[in-house]
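Here are some short exercises to work through with the structure on your screen. Try each task before you read its solution.

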Amino acid sequence: MSAKGAFISFEGIDGSGKSTQARLLAERLRAEGHDVVLTREPGGSPGAEEIRALVLQGDPDRWSAETELLLFTAARRDHMERLILPAISAGKIVICDRFADSTRLYQGLSRGDLRATVDQLHDLMIGREPDLTILIDMDPETGLARAKGRQGVEERFEDFGTDLQQKMRAGFLGLAKEFPHRFHTIDGGRPIEIVAHDVHALAQSHLTSSL
Ligand code: ADP
Ligand code: TYD
């Protein structure tokens, strides 16, 4: 049904409901007849999933900030080459749980100011932004409590704690101002179905204006 591909990313702090909303949006768009690829970062392709384990597990100080940035960028490049770009070219809607805006913040801001390096590497190795970025904004205390409730092994970043989450929330709102043409912010502190309704309306309006 989609004549032209589309690339939608979800961003927000840990536990804000990105994965939940990305899945619900994919289900609704598929039910409407769209060809949808639901994916995530870090990961999304076999090679990038291997890098995911390297960056998300283990000691928070396992990698230097620069090495970590290279690993995230390597994972993204593989994901782009093997999954995202071919799917968009085939006219599919790609929904990605986190993308380069997460790198701009987590690697660009959390351990010193690496934002300029992040942007340079992005231009050199990735060179593409999503058409629509849905920021699920919410209070970091609630987000962290939700994320901790999952009790997984991928806690390298969650272990940085509430201070980092506060900084990330402010950072995401800053990116929304920096890239107003593609960023749309949705209040994630409401029941899942209500958030999902707003997310779907936003995606619909983007798709009808661009497809
Ligand atoms: P993220 O991908 O942003 O880290 P998730 O979608 O994995 O967030 O959600 C984290 C946890 O919070 C999950 O257990 C999920 O079921 C729950 N959750 C997600 N959205 C909401 C919401 N709007 N209200 C209450 N709980 C939610
Ligand atoms: P994710 O699996 O989306 O975690 P959550 O569901 O808790 O939001 O992402 C895992 C962590 O990876 C998250 O804490 C943010 C971090 N991350 C980066 O630091 N840089 C990046 O480029 C990406 C995509 C994620």
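**Exercise 1.** Find which residues I95 touches, not counting residues up to four places away in sequence.

*Solution.* Start with the rule: contact means heavy atoms within 4.5 Å. Then list the partners of I95: I8, F10, A22, L25, A26, L29, V36, V37, L38 and T39.

A word on the model: it is predicted, so local features need pLDDT of at least 70 and side-chain atom pairs count only at pLDDT 80 or more, while totals for chains, interfaces and linings use all residues. Residues are numbered from 1 along each chain as its sequence is written, and side-chain values use heavy atoms, with hydrogens and water left out.

**Exercise 2.** Work out which elements give two or more residues to the largest nonpolar core.

*Solution.* A nonpolar core is a set of buried (under 20% relative accessible area, 1.4 Å probe, protein chains only) Ala, Val, Leu, Ile, Met, Phe, Trp, Tyr and Cys residues joined through side-chain atoms within 4.5 Å. Of its 19 residues, I8, F10, L25, I93, I95, I134 and V199 touch the most other members. The elements, taken as DSSP runs (helices H or I, at least four residues; strands E, at least two), are β1 (6–11), α1 (18–31), β3 (93–97), β4 (132–137) and α8 (192–210). The largest share, five residues, comes from α8.

**Exercise 3.** Give the strand order of the open sheet and name its edge strands.

*Solution.* Strands pair if DSSP finds at least two bridges between them. The five strands run β2-β3-β1-β4-β5, with parallel pairing. At the edges, β2 (36–40) and β5 (183–187) each pair on one side only. Five bridges join β4 to β5, and I136 stands opposite I186 in β5.

Conventions
Chains are lettered from A and ligands numbered from 1 in the order in which they are written. Buried means under 20% relative accessible area, exposed over 50%, partly exposed in between (1.4 Å probe, protein chains only).
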